[in-house]
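Here is a friendly walk through one protein model, from its overall layout to a few individual residues. Keep the structure open beside the text as you read.

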Amino acid sequence: MKKYMITGAALLGALWLGGCATEDYVNKHVAVVQGQVDTVQGHAQQQDQQIGAADKTAHEALDRAIAAGKLAQGKFLYSMVLTDDATKFPVNGSTLSDEAKSRLVELSTKLKTDNLPVYLEIQGYTDATGSPQANTALGETRAEAVRLFLNEQGVALNRMATISYGQDNPVAPNTTREGRAQNRRVVVVVLD
């Protein structure tokens, strides 16, 4: 009987030790897998947060664009283009002709007579000769020449802004001399 008891105790001990080893093995592997699952879930949460932030930003941008569109509707009053034969800009130049100055004096007189709180956007353009960077700079120089002349005529600087479109948005083909001359222009947009 003693022999059976020792054998039973040994068998019971072996099963217990085997169970502990199996449980320890399972715990180690489950811990590794659980760590990987936690890492994946963490990344998924970060991505969800990033997607949510991007979505929020996109919605805010859309709302601002819609508001700007509503604000701009009905605000355009008129524009004046300096591009006809008498007011053309010279190639690579921003000098205002006497005719251009005369037309700008008329515009400034009209603005003072109307006495409205208007805002001027002065857009500078070029033909397609030269590099895009040089044309952007030249368009800005042309727009700035108009802005400074209007300021000399009494139009407040804080009511005017310049922007250069350079060679973008041509009004005529750049393949002919006449077309290039038409593209060397400044547009004064009067906004309410």
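In what follows, a residue is called buried when its relative accessible area is under 20%, exposed when it is over 50%, and partly exposed in between. The model is a predicted one.

With that cut-off in hand, let us begin with a loop residue. Asn-115 sits in the loop that links helix 2 and strand 2. Its relative accessibility is 64%, so Asn-115 counts as exposed. The backbone deserves a look too: phi of Asn-115 is positive, near 50°, although the residue is not a glycine. Most residues other than glycine have a negative phi. Asn-169 also has a positive phi, near 60°, and is placed in the loop between strand 3 (160-166) and helix 4 (177-183). Pro-90, for its part, belongs to the loop between strand 1 (76-82) and helix 2. The table sets out the accessibility of these three loop residues.

| Residue | Relative accessibility | Class |
|---|---|---|
| Asn-115 | 64% | exposed |
| Asn-169 | 47% | partly exposed |
| Pro-90 | 39% | partly exposed |

Now for the overall layout. The protein chain contains 4 helices and 4 strands, and read from the N terminus these elements follow the order α-β-α-β-α-β-α-β. Of its 192 residues, 23% count as buried. Among contacts in the protein chain with a separation of 6 or more, 73% are between residues 24 or more positions apart.

Pro-90 gives an example of positions far apart in the chain: Pro-90 and Arg-185 are separated by 95 residues in sequence, while their C-alpha atoms are 9.8 Å apart in space. Leaving aside residues up to four places away in sequence, Pro-90 touches Thr-95, Arg-142 and Arg-184.

Which residues touch the most other members of the largest nonpolar core? They are Leu-120, Ile-122, Val-146, Leu-150 and Val-188, in a core of 19 residues. Helix 2 (98-114), strand 2 (119-125), helix 3 (132-152) and strand 4 (186-191) each give two or more residues to this core. Ile-122 can serve as a guide to the surroundings: beyond residues up to four places away in sequence, its contacts include Ala-143, Val-146, Arg-147 and Leu-150, along with Met-160, Ile-163, Val-186 and Val-188.

Several of those partners lie in helix 3, whose buried residues include Ala-143, Val-146, Arg-147 and Leu-150, and also Asn-135, Arg-142 and Phe-149. Does the length of helix 3 match or miss what its residue count predicts? Its 21 residues, at 1.5 Å each, should span 30 Å, because the expected span uses one less than the number of residues. The end C-alpha atoms are 30 Å apart, which agrees. After helix 3 comes Gly-154, with a positive phi near 105°.

Gly-154 also helps to line the largest pocket, as does Asn-115. This pocket has a volume of about 160 Å³. Other lining residues include Leu-111, Lys-112, Leu-116, Pro-117, Val-118, Leu-120, Val-155, Ala-156 and Arg-159. By class, the lining divides into 7 nonpolar, 2 polar and 2 charged residues. Leu-120 thus appears in the lining of the largest pocket and in the largest nonpolar core.

Conventions. Residues are numbered from 1 along each chain as its sequence is written. This is a predicted model: local features need pLDDT of at least 70, side-chain atom pairs count only at pLDDT 80 or more; totals for chains, interfaces and linings use all residues. Side-chain values use heavy atoms; hydrogens and water are left out. On a 1 Å grid over the protein atoms alone, a cavity is a set of points where a 1.4 Å probe fits but cannot get out, and a pocket is an open set with protein on both sides within 12 Å along at least five of seven lines; lining residues have an atom within 4 Å of a point. Grid points are joined across faces, edges and corners, and a volume is the space filled by probe spheres set on the points. Ala, Val, Leu, Ile, Met, Phe, Trp, Tyr, Cys and Pro count as nonpolar, Asp, Glu, Lys and Arg as charged, and the others, Gly among them, as polar. A nonpolar core is a set of buried Ala, Val, Leu, Ile, Met, Phe, Trp, Tyr and Cys residues joined through side-chain atoms within 4.5 Å. Buried means under 20% relative accessible area, exposed over 50%, partly exposed in between (1.4 Å probe, protein chains only). Contact means heavy atoms within 4.5 Å.
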